[in-house]
Amino acid sequence: MITSSEMWLEQLHDNGYRVTAARRAVVDTVFGSTHALTPIEVYDTARKKYRALGLVTVYRTLEKLEELHLIQRVHQPLGCQAFISAGHGHQHLLLCQQCGQVEFFEGDDLDALTKSIARKTGYQIQEHWLQLFGLCANCK
């Protein structure tokens with residue numbers, strides 16, 4: 001289990017990526033967030049730590065972190081992609097539409113639904129993800 005931003009940086013390094021001050025700022029920003037962050041939000045926050053940060057570095061670092069399964073993409077209702085530290089195991093997301101707070105939850109009873117869909121469509125369903133949108137306790 002990945003437990004610190006330093007371990008994320010080590011994983012990047014072990015996979016052939018240089019650990020620069022710019023990448024460190026991006027990793028620290030995403031690792032420490034409990035909110036889904038868009039690339040622009042990552043850029044704006046990380047630039048406070050490293051003023052010379054470029055937006056291309058943000059996108060490339062997010063891409064690599066996602067490839068390493070350290071972060072996961074959050075699909076938002078308005079279409080803008082955001083990112084959050086990856087959950088552990090098979091978990092789903094609750095997202096606050098007002099403040100962006102993210103909560104992971106486990107368990108779903110989708111087996112009957114997916115089997116029914118597979119029967120009706122002929123698809124062999126191999127995986128799924130579930131995101132629920134609403135208002136967190138602080139925003140409602």
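These legends accompany close-up views of a predicted model.

**View 1. A salt bridge links helices α1 and α2**.
The side chains of Glu6 and Arg24 meet here, with an N to O distance of 2.6 Å. Glu6 belongs to helix α1, residues 5–14. Arg24 belongs to helix α2, residues 21–31. The pair therefore ties together parts that are 18 residues apart in sequence. Glu6 is partly exposed, at 46% relative accessible area. Arg24 is also partly exposed, at 32%. The model has four salt bridges by the rule used, a nitrogen of Lys or Arg within 4 Å of a carboxyl oxygen of Asp or Glu.

**View 2. Glu63, Lys64 and Glu67 form one salt-bridge network**.
Lys64 meets Glu63 in a salt bridge of 3.5 Å, N to O. Lys64 also meets Glu67, at 3.7 Å, N to O. Lys64 and Glu67 are three residues apart in helix α4, so about one helical turn separates them. Shared partners join the three residues into one network. Lys64 has 16% relative accessibility and counts as buried, because the cut-off for that class is under 20%. Glu63 is partly exposed at 42%. Glu67 is partly exposed too, with a relative accessible area of 47%.

**View 3. His69 has a positive phi**.
Its phi is near 60°, and the residue is not a glycine. Most residues other than glycine have a negative phi. His69 is found in the loop between α4 and β1. Helix α4 covers residues 55–67, and strand β1 covers 71–75. His69 is exposed, with a relative accessible area of 65%. That value falls in the exposed class because the class begins over 50%.

**View 4. Three strands build an open sheet**.
The strand order is β4-β3-β5. Pairing in this sheet is mixed. The edge strands are β4 (102–106) and β5 (131–134). Each edge strand pairs on one side only. Neighbouring strands are turned by 25° against each other on average, with direction ignored.

**View 5. Strands β3 and β5 run parallel**.
Strand β3 spans residues 91–96. Four bridges join β3 to β5. One residue to look for is Leu95, whose bridge partner in β5 is Phe133. Strand β5 itself, residues 131–134, is one of the edge strands of the sheet.

**View 6. A nonpolar patch lies on the surface**.
Four side chains make up the patch: Leu113, Ile117, Tyr123 and Ile125. Together they offer about 400 Å² of accessible area. Leu113 lies in helix α5, which covers residues 111–121. At 47% relative accessibility, Leu113 counts as partly exposed. Leu113 clears the accessibility cut-off for patch members, because that cut-off is over 30%.

Conventions:
Residues are numbered from 1 along each chain as its sequence is written. This is a predicted model: local features need pLDDT of at least 70, side-chain atom pairs count only at pLDDT 80 or more; totals for chains, interfaces and linings use all residues. Side-chain values use heavy atoms; hydrogens and water are left out. Patches are made of residues with over 30% relative accessible area and no salt bridge: like charges are joined within 9 Å, nonpolar side chains (Val, Leu, Ile, Met, Phe, Trp, Tyr) within 5 Å. Accessible areas come from the Shrake-Rupley method with a 1.4 Å probe; for residues, only the protein chains shown count as cover. Helices (H or I, at least four residues) and strands (E, at least two) are DSSP runs, numbered from the N terminus. Buried means under 20% relative accessible area, exposed over 50%, partly exposed in between (1.4 Å probe, protein chains only). Two strands pair if DSSP finds at least two bridges between them. Axes are lines fitted to C-alpha atoms, for helices over the stretch in contact, and angles run from 0 to 180 degrees between N-to-C directions.
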